[in-house]
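Here are some notes to read with the model open beside you. Take the points in order and find each residue as you go.

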Amino acid sequence: MLSRLLSRTRGPLWALCAFITMVSAPLANAQQLGVPQASVVTLSSEELFAKSAFGQRVFREIEKESALLAEENQRIVAELSREEKELTEQRATMSADEFRPLAEAFDLKVQSHREGQRAKLDVLARRSEEAQQTFFEIVRPVLVDLLREIGASVMIERSNVVVSTSDITEAAIIRIDAVIGDGSDLQEGKGE
């Protein structure tokens, strides 16, 4: 009798079990990740980049290049200061007509160095922006998978939200670091 009852209800019972499993799976995944169940979650893209291994590597590289640029700038300033001092000393022994071309040439040299250093700073700034764009292109599929796992359908930038109890930034950083690490292997593979 019990076996007939089970065989008749097996179809609907199995369907009910499958439905309960599908509904509770995102909740269980969200809880395992330490993220509350929500259909809309928030994320800080700035924090995501800055705290990820990828972002940390980029910041270290740019910081190193900035330090080298600062050293180069100090060296140039010291060299220009010496030249200016020599030029000032020469002025006492020259007429204004003889001195003017030397002074103009020196001014052009100073301006050229300034523009060169500014261009190098601009390159570093662009490199940072490009690294962030690359990062978000690479991590998009990771974020989509994370959304699916926790059962959310929308991710909103945290800075656009007044209050959120469903921020997934930390969980996303952990997942991204596990998937791409600091990204140096990815960039080497692209020949960069």
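1. Let's begin with the lining of the largest pocket in this predicted model. Its residues divide into five nonpolar, four polar and two charged. Among the residues you can pick out there are Asn73, Ile76, Leu80, Phe106, His113 and Arg114. The space inside the largest pocket comes to about 160 Å³.

2. Which elements give two or more residues to that lining? They are helix H3 (53-91) and helix H4 (96-150). H3 provides the largest share, with six residues.

3. Now look along H3 itself. With 39 residues at 1.5 Å a residue, H3 should span 57 Å, and its end C-alpha atoms are 56 Å apart, so the expected and computed values agree. Its buried residues include Phe54, Val58, Ile62, Leu69 and Leu87. Ile76 and Leu80 are also buried residues of H3, and both belong to the pocket lining.

4. Next come the charged pairs. Side chains of opposite charge can pair when their charged atoms come close. The whole structure holds 13 salt bridges, and the next three points visit some of them.

5. Start with Lys51 and Glu47, a salt bridge whose closest N and O atoms are 3.3 Å apart. Both residues sit in helix H2 (residues 45-51), and because they are four residues apart there, about one helical turn separates them. Are these two residues buried or exposed? Lys51 counts as partly exposed, at 47% relative accessibility. Glu47 has a relative accessible area of 16%, which is under the 20% cut-off, so Glu47 is buried. The pair is also part of a network of salt bridges that links Glu47, Lys51, Arg158, Asp167 and Glu170.

6. Glu65 and Arg127 form another salt bridge, with 2.4 Å between the closest N and O atoms. Glu65 lies in helix H3 and Arg127 in helix H4, so this pair ties together parts that are 62 residues apart in sequence. Glu65 counts as partly exposed at 35% relative accessibility, and Arg127 counts as partly exposed at 28%.

7. A further salt bridge joins the side chains of Glu149 and Arg175, at 2.9 Å from N to O. Because Glu149 lies in helix H4 and Arg175 in helix H5 (residues 169-180), the pair ties together parts that are 26 residues apart in sequence. Glu149 counts as partly exposed, with 29% relative accessibility, whereas Arg175 is among the buried residues of H5.

8. Stay with H5 for a moment. How many residues does H5 have, and how far does H5 reach? H5 has twelve residues and reaches 16 Å from its first C-alpha to its last, close to the 16 Å expected at 1.5 Å a residue. Besides Arg175, its buried residues include Thr169, Ala171, Ala172 and Ile173. Just after H5 comes Gly181, whose phi is positive, near 60 degrees.

9. Finally, step back to the whole protein. There are six helices and two strands, and along the sequence they follow the pattern α-β-α-α-α-β-α-α. Of the 192 residues, 26% count as buried. Among contacts between residues at least 6 apart in sequence, 83% join residues at least 24 apart. The salt bridge between Glu65 and Arg127, with its two ends 62 residues apart in sequence, is a good pair to look at again here.

Terms used: Residues numbered from 1 in each chain as written. Predicted model: local features only at pLDDT ≥ 70, side-chain atom pairs only at ≥ 80, totals over all residues. Heavy atoms only, no water. 1 Å grid on protein atoms, 1.4 Å probe; cavity = no way out; pocket = protein on both sides within 12 Å on 5 of 7 lines; lining within 4 Å. Points joined across faces, edges and corners; volume = space filled by probe spheres on them. Nonpolar A, V, L, I, M, F, W, Y, C, P; charged D, E, K, R; others polar. Salt bridge = Lys/Arg side-chain N within 4 Å of Asp/Glu carboxyl O. Buried < 20%, exposed > 50% of the residue type's maximum accessible area, 1.4 Å probe, protein only. Expected span 1.5 Å × (residues − 1). Contact = heavy atoms within 4.5 Å.
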